[in-house]
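I opened this notebook to record what I looked up in the structure. The entries follow the order in which I consulted it.

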Amino acid sequence: MNPLRIFSRAYSTVKVIPTPGITNGFIGAIGNTPLLRLKKLSEETGSDILAKAEFMNPGGSVKDRAALFVVKDAEEKGLIAPGGTVVEGTAGNTGIGLAHVCRAKGYKCVIYMPNTQSQEKIDLLRMLGAEVYPVPAVAFDNPENYNHQAKRHAEKLENAVWTNQFDNTANRRAHIETTGPEIMEQTNGEVDGFVCATGTGGTLAGITRYLKDQKGDNVKVYLADPPGSVLHSYVSTNGKLFERSGSSITEGIGQGRITDNLAPDVKLIDGSFTIPDEETIKMIYRLLDEEGIYVGASSALNVVAAVEMSKKLGKGKKIVTILCDGAYRYQSRLFSRTWLESKKLSTAIPEHLQKYIVL
Ligand code: PMP
């Protein structure tokens, strides 16, 4: 049978993505996301600005891939048996991916997260059956940091694993084995640049490792940081400086240390950018208006960075980045005038895009 379903209408022919046949439930639907060409930005830059639609994963974010890999890793190492509990510290998206994977596999799920994260993520986690503990947002070196609390919680339970996404390199492996190869295949091996922000570093490190293994210096890789993260200062000074300045509206990205996921590949990174929140918020609204794409702040920051990278590499290149998740997860903030004003960001949104501020 022809794997392409073709819907013909009098006015147009729409080709639908090849049907893969039967998929093994939620888990089978993770990955193989489309690579979207962003038309307006590609025209403006003279390069192909290509964005991996990770919001199309079944749990709605790039972190579904890591969630699956860390659970599989725990199973393979015999750290968890049927009926057990997965405990994790997360800004939310890994937790959401884990909550789905745990339901699909019959595990319980316990999530610790900083209480600065959006209500939408907390609500969704609870709706997916996870036990959620929002805790004060303190630094990693404080024993009350959400990750350490998650670890202690798992240690107190029988048949429980702390999946430790920050330093468990099964996270990075998800991107070496899936996202990286997908990008190579979808660009016919012609990817010239890749850029994204990091939380755990799994996405950036895994894709960097795979692309550099395939193409060496023929592909450039950049890191994109929000204000308040130390990685830009680390990368741009060759590891000399860990300078933290400012804070950001972005969730799930920015880092204060070199995680074990990032450590093996950080030397492969060719450069980095810091992207101000004003640019990020404007891009959220531009993507919606110009492309019909409704994504969260880390995705928009990544796209701003892809545009910056196109200026560095020159015209005619293929630059890939990641659309990490949808804006549904943050809409009570990102589309609220009161919230935007409280962050002094409402004026960063151009007049013709103000109509999208509806809350
Ligand atoms: N964007 C969002 C919205 C996230 O939640 C995360 C993960 N915390 C990332 C980007 C970064 O992904 P990674 O952990 O692979 O660096």
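**Entry 1: strand 5 and its sheet**

I began with strand 5 and strand 6, which run parallel and are joined by five bridges. The model is a predicted one. Within this pair I located Gly-89, which stands opposite Tyr-112 of strand 6. I then looked up strand 8, which pairs with strand 5 (residues 85-89) in the parallel sense over three bridges. There I noted Val-161 of strand 8 as the bridge partner of Val-86.

I next asked in what order the four strands of the open sheet are arranged. The order is 7-6-5-8, and the pairing is parallel. Strand 7 (131-135) and strand 8 (160-162) stand at the edges with a single partner strand each, so each has one side without a neighbour in the sheet. I recorded an average turn of 15° between neighbouring strands of this sheet, direction ignored.

I also checked how covered strand 5 is, and found four of its five residues buried. Helix 4 (residues 93-105) lies across strand 5 and strand 6 (108-114). I noted an angle of about 175° between helix 4 and strand 6.

**Entry 2: strand 9**

I turned to strand 9 (residues 193-197), where five of the five residues are buried. Which residues of strand 9 point one way, and which the other? Gly-193, Val-195 and Ala-197 point one way, whereas Phe-194 and Cys-196 point the other way. I kept in mind that side chains in a regular strand alternate between the two faces of the sheet.

Strand 9 pairs with strand 10 (residues 220-225) in the parallel sense, over five bridges. In this pairing I found Cys-196 opposite Leu-223 of strand 10.

**Entry 3: nonpolar cores**

I looked up the largest nonpolar core and found that it has 59 residues. Val-195, from strand 9, is among the residues with the most contacts inside this core, as are Tyr-222, Ala-224, Ile-284, Ala-300, Val-303 and Ala-305. Helix 11 (residues 297-313) gives the most to this core, with nine residues.

I followed Val-303 further and left out residues up to four places away in sequence. Val-303 then touches Leu-38, Leu-41, Ala-51, Met-283, Leu-287 and Thr-321.

A second, separate core has 34 residues, including Ile-30, Val-86, Met-113 and Val-132. I had already met Val-86 as the bridge partner of Val-161.

**Entry 4: surroundings of the ligand**

How many residues surround the ligand? I recorded 19, of which the closest are Gly-199, Thr-200, Thr-203, Gly-252 and Ser-298. The largest share of this shell comes from helix 8 (residues 202-215), which supplies three residues. By character, I entered the shell as six nonpolar, ten polar and three charged residues.

**Entry 5: positive phi outside glycine**

I looked up two residues that are not glycine but have a positive phi. Asn-32 has a phi of about 50° and is found in the loop between helix 1 (25-28) and strand 3 (35-37). I then asked why Asn-32 counts as partly exposed. The reason is that Asn-32 has 16 C-beta neighbours inside 10 Å, and a residue needs 20 or more to be buried and 12 or fewer to be exposed.

Lys-344 has a phi of about 55° and is found in the segment after helix 13 (337-342). I entered Lys-344 as exposed because it has 10 C-beta neighbours inside 10 Å.

How values were computed. Residues are numbered from 1 along each chain as its sequence is written. This is a predicted model: local features need pLDDT of at least 70, side-chain atom pairs count only at pLDDT 80 or more; totals for chains, interfaces and linings use all residues. A residue is near a molecule or strand if its C-beta atom, placed from the backbone, lies within 6 Å of it. Ala, Val, Leu, Ile, Met, Phe, Trp, Tyr, Cys and Pro count as nonpolar, Asp, Glu, Lys and Arg as charged, and the others, Gly among them, as polar. A nonpolar core is a set of buried Ala, Val, Leu, Ile, Met, Phe, Trp, Tyr and Cys residues joined through C-beta atoms within 7 Å. Two residues are in contact if their C-beta atoms, placed from the backbone, lie within 7 Å. Two strands pair if DSSP finds at least two bridges between them. Axes are lines fitted to C-alpha atoms, for helices over the stretch in contact, and angles run from 0 to 180 degrees between N-to-C directions.
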